[in-house]
Amino acid sequence: MGRPEEQRERWNEAAERWRRNGAIVRELTAPVSRAMLDRASPLAGERWLDVASGVGDPAALLREKLVPEGTVVLSDLAHGMARTASEALGGTAPAVTAAAEALPFRSVFDGVTCRFGAMFFTDPPRAMDEIRSSLKPSGRAVFVVWGERERNPFFGEILAAVREAAPDAPVPAPDDPHPFRYAPAGKLAELLRSRGWTDVEDEPLRFDVAGPISQGEFWDFMRSMNAEIDKLAGELPEDGRAALRSDVERRVAPYFPEGTCRFPAEARLVSARRPASG
Ligand SMILES: C[S@@+](CC[C@H](N)C(=O)[O-])C[C@H]1O[C@@H](n2cnc3c(N)ncnc32)[C@H](O)[C@@H]1O
């Protein structure tokens with residue numbers, strides 16, 4: 001499962017790189033934030049909590065819908081990431097350093113968003129209980145997790161290249177914290193139902209990861225954003241690293257049709273409610 005302290009340390013170490021790349025991450029994943037907002041349907045004046053805020057998405061978009069009477073509170077396991085999120089929103093939203101498994105809120109939020117965070121929880125059942133307890137009765141939550149690796153070539157092609165270059169590297173078990181942990185259709189939905197959530201809906205979310213990043217920049221960008229890829233690449237001898245870079249560039253070439261990236265991608269959009277009583 002991965003220990004909470006290890007996860008916290010890992011994300012704190014990554015925070016500066018995520019801060020630097022925040023604007024590009026926002027652009028590459030803008031369709032996901034919009035889809036979450038559509039599903040969440042936040043109303044002006046409501047109070048929302050964004051869990052695992054990272055670079056501040058979808059909290060930034062959410063806040064625009066809620067102000068001036070409403071609020072969004074940012075939360076993240078890692079202090080560095082909570083600070084990154086706070087800066088991304090120009091200090092306009094309170095930020096809390098807290099694991100999803102230990103949230104300091106009871107029945108206060110109309111809604112919760114969590115984008116690309118649930119896959120990394122160290123104790124998902126407990127996290128889902130805590131998120132539910134943070135909501136008012138009938139409050140709603142919207143999660144996005146990555147879909148299957150094969151449908152996400154911007155990630156999948158790189159992981160495949162890295163695994164070929166480092167065939168002995170350990171492969172994460174299905175329930176280890178990793179990006180594709182909730183890729184199987186229905187897996188996160190089933191967890192939510194088993195923890196007493198109602199109105200659970202789970203659907204694929206297809207979009208393009210598109211934005212101003214060139215083929216030459218892509219490998220360095222992905223290395224800087226993913227600790228697993230960076231570690232495996234860093235352990236290769238110099239000629240192995242150069243060969244890996246060339247292999248990645250060859251694999252992703254079709255996704256740079258006009259010099260900037262456009263990868264087809266698939267996530268899962270999963271929403272649920274806290275029961276009216278309970
Ligand atoms: C891939 S980033 C996603 C950030 C942002 N929501 C986005 O979509 O760009 C994952 C985030 O989850 C946070 N995280 C990991 N485990 C967590 C946990 N158990 N509780 C709360 N946050 C966690 C990390 O610190 C990191 O900021």
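Helices, as the term is used here, are DSSP runs of H or I with at least four residues, and strands are DSSP runs of E with at least two, both numbered from the N terminus. In these terms, S41 of the predicted model falls in the loop between helix 3 (30-40) and strand 1. The phi angle of S41 is near 45°, a positive value in a residue other than glycine. Most residues other than glycine have a negative phi, and most peptide bonds are trans.

Two cis peptide bonds were examined in the loops on either side of helix 4. The bond from D57 to P58 is cis, with omega near 5°. P58 is placed in the loop between strand 1 (47-51) and helix 4 (59-66). The bond from V67 to P68 is also cis, again with omega near 5°, and P68 is located in the loop that joins helix 4 to strand 2 (71-76).

D57, which precedes the cis bond to P58, also takes part in ligand binding contacts: a polar backbone atom of D57 is 3.0 Å from a nitrogen atom of the ligand. A backbone contact is likewise found at A100, where a polar atom lies 2.9 Å from a ligand nitrogen atom. At D76 the side chain is involved, with one of its polar atoms 2.5 Å from an oxygen atom of the ligand. Taken alone, the ligand exposes 600 Å², of which the protein buries 97%. The ligand is surrounded by 19 residues, and the closest of these are A52, D76, A100, E101 and R115.

Two helix pairs were considered for their packing. Helix 6 (residues 124-134) packs against helix 8 (residues 187-194) at an angle of about 60°, and the axes are 10 Å apart. The crossing of helix 6 past helix 8 is right-handed. On the side of helix 6 the contact is formed by P124, P125 and M128, and on the side of helix 8 by L188, L191 and L192. By class, the residues of this contact comprise six nonpolar, no polar and no charged.

In the second pair, helix 7 (residues 153-165) and helix 11 (residues 238-252) pack at an angle of about 150°, with their axes 9 Å apart. Helix 7 also passes helix 11 in a right-handed crossing. Helix 7 contributes E157, I158, A160, A161, V162, E164 and A165 to the contact, while helix 11 contributes L244, D247, V248, R251 and V252. The residues of this contact divide into eight nonpolar, no polar and four charged.

Terms used. Residues are numbered from 1 along each chain as its sequence is written. This is a predicted model: local features need pLDDT of at least 70, side-chain atom pairs count only at pLDDT 80 or more; totals for chains, interfaces and linings use all residues. Side-chain values use heavy atoms; hydrogens and water are left out. Axes are lines fitted to C-alpha atoms, for helices over the stretch in contact, and angles run from 0 to 180 degrees between N-to-C directions. A crossing is left-handed if the near helix is turned anticlockwise from the far one by less than a right angle, and right-handed if clockwise. Contact means heavy atoms within 4.5 Å. Ala, Val, Leu, Ile, Met, Phe, Trp, Tyr, Cys and Pro count as nonpolar, Asp, Glu, Lys and Arg as charged, and the others, Gly among them, as polar. A residue is near a molecule or strand if one of its heavy atoms lies within 4 Å of it. A polar contact is a pair of N or O atoms within 3.5 Å; within protein, one must be able to donate a hydrogen and the other to accept it, and residues adjacent in sequence count only if both atoms are side-chain atoms. Accessible areas come from the Shrake-Rupley method with a 1.4 Å probe; for residues, only the protein chains shown count as cover.
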